[in-house]
Amino acid sequence: MLAATHSKFIRFLQEELSLSTSSIALALRYREQNPGPLPMILWQYGLVTIDQLDRIYSWLESSDR
C-alpha cells in the first residue's frame, strides 16, 4: 500500500469505523510479526466486525480506482 493510500486508510479506520489509535497500532504490531493484510488482522483479533470488514474491503476497492 502506498504511503498516501495508507494514511487515507488509517484515517478511514479512525473516522468512519471509530477504531482507536491503540487498536490500529496493535494490528500494525501484529502485522510486523505475521505479515498479512491489515483488514484480516483487524478482524482476526476482534478489532472489527464482519460488517466493518466488508466496509473496509469496499473502501479499499473504491480507493484503488
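Here's a quick tour of two helices, α4 and α1, in a predicted model.

**Stop one: α4.** Select residues 50-63 to bring up this helix. You'll have 14 residues on screen, spanning 20 Å from the first C-alpha to the last, which is close to the 20 Å expected at 1.5 Å a residue.

Now show side chains for Gln52, Leu53, Ile56, Trp59 and Leu60: these are buried. Look along the axis and you'll find they cover an arc of only 120°, which puts them on the same side of α4. Next, spin around to the other side of α4 and pick out Ile50, Asp51, Asp54 and Glu61, which are exposed.

What do the buried residues of α4 pack against? Add residues 3-15 (α1) and 38-44 (α3) to your selection, and you have both partners.

**Stop two: α1.** Keep α1 selected. This helix has 13 residues and reaches 18 Å from its first C-alpha to its last, close to the 18 Å expected at 1.5 Å a residue.

Turn on the side chains of Phe9, Ile10, Phe12 and Leu13, which are buried in α1. Why do they end up on the same side of α1? They cover an arc of only 155° around the axis, and that puts them there. For the other side of α1, click on Ala3, Ala4 and Glu15, which are exposed.

**Last stop: the neighbours.** Add residues 21-33, which make up α2, and keep α3 and α4 in view. The buried residues of α1 pack against α2, α3 and α4, while those of α4 pack against α1 and α3.

How values were computed:
Residues are numbered from 1 along each chain as its sequence is written. This is a predicted model: local features need pLDDT of at least 70, side-chain atom pairs count only at pLDDT 80 or more; totals for chains, interfaces and linings use all residues. Side-chain values use heavy atoms; hydrogens and water are left out. Helices (H or I, at least four residues) and strands (E, at least two) are DSSP runs, numbered from the N terminus. The expected span of a helix is 1.5 Å times one less than its number of residues. Buried means under 20% relative accessible area, exposed over 50%, partly exposed in between (1.4 Å probe, protein chains only). The arc is that of the directions from the helix axis to the C-beta atoms. Contact means heavy atoms within 4.5 Å.
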